[in-house]
Amino acid sequence: MTTLAPDTFLMCAPEHFEVAYIINPWMEGNIAHGDRLTAQGQWQELVHALRTVARVDCMPAAAGVPDMVFTANGGLVLGDKVILSAFKHVERQPEEAHFAAWFAARGLQVLRMPHGLHFEGAGDALLDRGSDLLWLGYGHRSELACAPVIADMLGIEVQPLQLVDPRFYHLDTCFCPLQGGYLLYYPAAFDVAAQERIAARVPSHKRFAVTQQDALNFACNAVNSGKHVFLNQASPALNAQLERWGFSVSQIALTEFMKAGGAAKCLTLKMNEPRPAQQVAAGNGLVAEPSPVF
Ligand SMILES: NC(=O)NCCC[C@H](N)C(=O)O
């Protein structure tokens, strides 16, 4: 019998976390309104919960980059490659060097977007859990032009989804693929074409449209490891749906991080993402030729 290695998540302690600038609507009115001690306690709770089922690695925190706690935004890992983020906002750009150093020291091949193309890593690029497919959110942070570049670099089909509500500025704030090909999402965060694209790829019995209230509680910003889901808060209806699909749900209050626009998923970067099972044949312009074996 083979035993699967546990998932590994990269996190960064909130030693320097604060709302120091405004780059999304959640941060408005929150400058100097955070409580770092509470943030540290909430972050520890998440680490503790994740460690019951997965491995958590921590990168050193650094002064001057208060949003670096949101490691999901450091890059997109697939196999032993990582596409480093190229942040849209100047406030977050100094994080790039920290993430690049961490990834390189872990033996990952660090790939970079062409100059001038913004890309915010696993905040906007999420693997489908039912097929060899990467979903890319664009419109606020990452750009549509990243899609063919990622497809080419990683040899995976990329489906772009346009985000239209500034409160849901990263894909992982409103879209959460779950093991087994399930999906939680908040449809109103997407344009009509994106909603149709999602419906075409994910069968209706595997999709659950969360309410606005759940979306605003960051329910889609969930960490999934096996049959476990970790999130800030979920309504009884959402909990029941996840349980029907066979997931156990842990709710961990992450209200301090919501003041900066993030919650559970944003605070983690999954490091053990498999490379695509097969390189997808070229054909629709968003699909790469096979990339070299690494
Ligand atoms: N949604 C995420 O993946 N991360 C949260 C990032 C919050 C940060 N204040 C930002 O606006 O970039």
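Here are four short exercises on this structure, each with a worked solution.

Before you start, note that this is a predicted model, where local features need pLDDT of at least 70, side-chain atom pairs count only at pLDDT 80 or more, and totals for chains, interfaces and linings use all residues. Residues are numbered from 1 along each chain as its sequence is written.

**Exercise 1. Work out how compact the chain is for its 294 residues.**

Step 1: Take stock of the secondary structure, which comes to seven helices and 15 strands. These are DSSP runs, numbered from the N terminus: helices are H or I with at least four residues, strands are E with at least two.

Step 2: Compare sizes. The radius of gyration is 18 Å, close to the 19 Å from the globule rule, so the chain is as compact as a globular protein of that length. (The radius is taken over C-alpha atoms, and the rule is 2.2 Å times the number of residues to the power 0.38.)

Step 3: Picture the box: along the principal axes, the C-alpha atoms fill roughly 50 × 45 × 40 Å.

**Exercise 2. Find which residues of helix H2 (residues 95-105) are buried, and what covers them.**

Step 1: Get the term straight. A residue is buried if 20 or more other C-beta atoms lie within 10 Å of its own, exposed if 12 or fewer, and partly exposed in between, with C-beta atoms placed from the backbone.

Step 2: Pick out Glu95, Phe99, Trp102 and Phe103, which are buried. They sit on the same side of H2, because they cover an arc of only 95° around the axis, going by the directions from the helix axis to the C-beta atoms.

Step 3: Turn to the other side of H2, where Ala97 and Ala105 are exposed.

Step 4: Look for the cover over the buried residues, which includes strands E2 (55-59), E3 (75-78), E4 (81-84) and E5 (109-112).

Step 5: Follow the chain onward, and H2 gives way to glycine 107, with a positive phi near 85°.

**Exercise 3. Decide whether valine 192 is buried or exposed.**

Step 1: Locate valine 192 in helix H4 (residues 192-201).

Step 2: Count its surroundings. Valine 192 has 10 other C-beta atoms within 10 Å, so valine 192 is exposed.

**Exercise 4. Say which residues come nearest to the ligand.**

Step 1: Start from the 16 residues around the ligand, meaning those whose C-beta atom, placed from the backbone, lies within 6 Å of it.

Step 2: Name the nearest: Phe70, Gly123, His170, Gly262 and Cys266.

Definitions and conventions
Contact = placed C-beta atoms within 7 Å.
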